[in-house]
Amino acid sequence: MIRKILLLTVLLVTITSFSQEASFKAPDYKAIEKAIKDKKSPFYYPKLMERFVSNDTLLTTDDYQHLYLGYVFQPKYNAFWKSPDEEKLHEFYSKEKLETQDYDEIIKLANHSLTDFPFDLRQLNFLTYVYHLKGDSKSSDMTSLKFHNIMNAIFSTGDGKQCETGFHIILVEHEYVMLNVFDIESKSQSLVGNCDYLSFEKGKYNVDGIYFNIEKMLENESKSLK
């Protein structure tokens, strides 16, 4: 089911992105934290999140960068977050074919998950698909737009070729969402400095692996253990 969902989503990236020179810049977390806490800043977090939740289509890549990466400075941030409806949603993910009567229940559960964590990429992608099946093109387009803008914010942080230029993420599950986007299977996972390194079967893809910077996740984990 997941594979079908991803194939139906209009993706903005391809596997060749990993071998091409892209425009990216490692995030300045101190600058981000300062901007999202400044009430006079256009990136003031409560206002940005209000715009995001209200489906503001004028949010820029910079806005999404501050939304996504700035979430690590919110009291609610949890690097180990799991959807409160994970088990129920998994039942629908496991189905070979969704029934018409499933749509409203999935929409309710997925939106509940997103209320708890607005960057649940898996549910945004699932919602895009279910809204499409239901014939609600307006909602499908909106959730797809959010999904792609969050992905673009992640892609703007690195190229994944080495730890120093790894993609910055705030949840491990986002690593696997990105691999699904490219229809890639990982062979192994290892911690390299502040990065997760996912290796691939040698010679199968254009690259042998991808680095994801998880420094803010590690910091969050350290705080939770104190």
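The axes of α6 and α7 come within 10 Å of each other and cross at roughly 155°. Angles over 145 degrees count as roughly antiparallel, so α6 is roughly antiparallel to α7. Their crossing is left-handed. This is a predicted model.

**Helix α6 against α7**

The α6 side of this contact consists of Tyr103, Asp104, Ile106, Ile107, Ala110, Asn111, Ser113 and Leu114. Facing them in α7 are Gln123, Leu124, Phe126, Leu127, Val130, Tyr131, Leu133 and Lys134. By class, the contact holds eleven nonpolar, three polar and two charged residues.

**Helix α5 against α6**

Helix α6 also packs against α5, which spans residues 86–93. Here the angle is about 140°, and the axes lie 10 Å apart. That makes α5 oblique to α6. The crossing of α5 and α6 is left-handed. From α5, the contact takes Lys88, Leu89 and Phe92. From α6, it takes Glu105, Ile106, Leu109 and Ala110. Five of the contact residues are nonpolar, none is polar and two are charged. Ile106 and Ala110 of α6 meet α5, and Ile106 and Ala110 also belong to the contact with α7.

**Helix α2 against α4**

Another packed pair joins α2 (residues 29–37) and α4 (residues 61–70). Their axes are 10 Å apart, at an angle of about 100°. The two helices are therefore roughly perpendicular to each other. Tyr29, Ile32, Ala35 and Ile36 represent α2 in the contact. His66, Leu69 and Gly70 represent α4. The residues divide into five nonpolar, two polar and no charged.

The three pairs are set out below.

| Helix pair | Angle | Axes | Arrangement |
|---|---|---|---|
| α5 and α6 | about 140° | 10 Å apart | oblique |
| α6 and α7 | roughly 155° | within 10 Å | roughly antiparallel |
| α2 and α4 | about 100° | 10 Å apart | roughly perpendicular |

**The largest pocket**

The largest pocket holds about 420 Å³ of space. It is lined by 20 residues. Closest to its centre are Phe52, Val53, Leu114, Pro118 and Lys146. Four elements each give two or more residues to the lining: α3 (45–53), α6 (103–116), α7 (121–134) and α8 (137–155). By class, the lining has eleven nonpolar, six polar and three charged residues.

Helices α6 and α7 thus appear again, as contributors to this lining. Leu114 links the two settings: Leu114 is among the residues closest to the pocket centre, and Leu114 of α6 also takes part in the contact with α7.

Conventions. Residues are numbered from 1 along each chain as its sequence is written. This is a predicted model: local features need pLDDT of at least 70, side-chain atom pairs count only at pLDDT 80 or more; totals for chains, interfaces and linings use all residues. Side-chain values use heavy atoms; hydrogens and water are left out. On a 1 Å grid over the protein atoms alone, a cavity is a set of points where a 1.4 Å probe fits but cannot get out, and a pocket is an open set with protein on both sides within 12 Å along at least five of seven lines; lining residues have an atom within 4 Å of a point. Grid points are joined across faces, edges and corners, and a volume is the space filled by probe spheres set on the points. Ala, Val, Leu, Ile, Met, Phe, Trp, Tyr, Cys and Pro count as nonpolar, Asp, Glu, Lys and Arg as charged, and the others, Gly among them, as polar. Axes are lines fitted to C-alpha atoms, for helices over the stretch in contact, and angles run from 0 to 180 degrees between N-to-C directions. Angles under 35 degrees count as roughly parallel, over 145 as roughly antiparallel, 65 to 115 as roughly perpendicular and the rest as oblique. A crossing is left-handed if the near helix is turned anticlockwise from the far one by less than a right angle, and right-handed if clockwise. Contact means heavy atoms within 4.5 Å.
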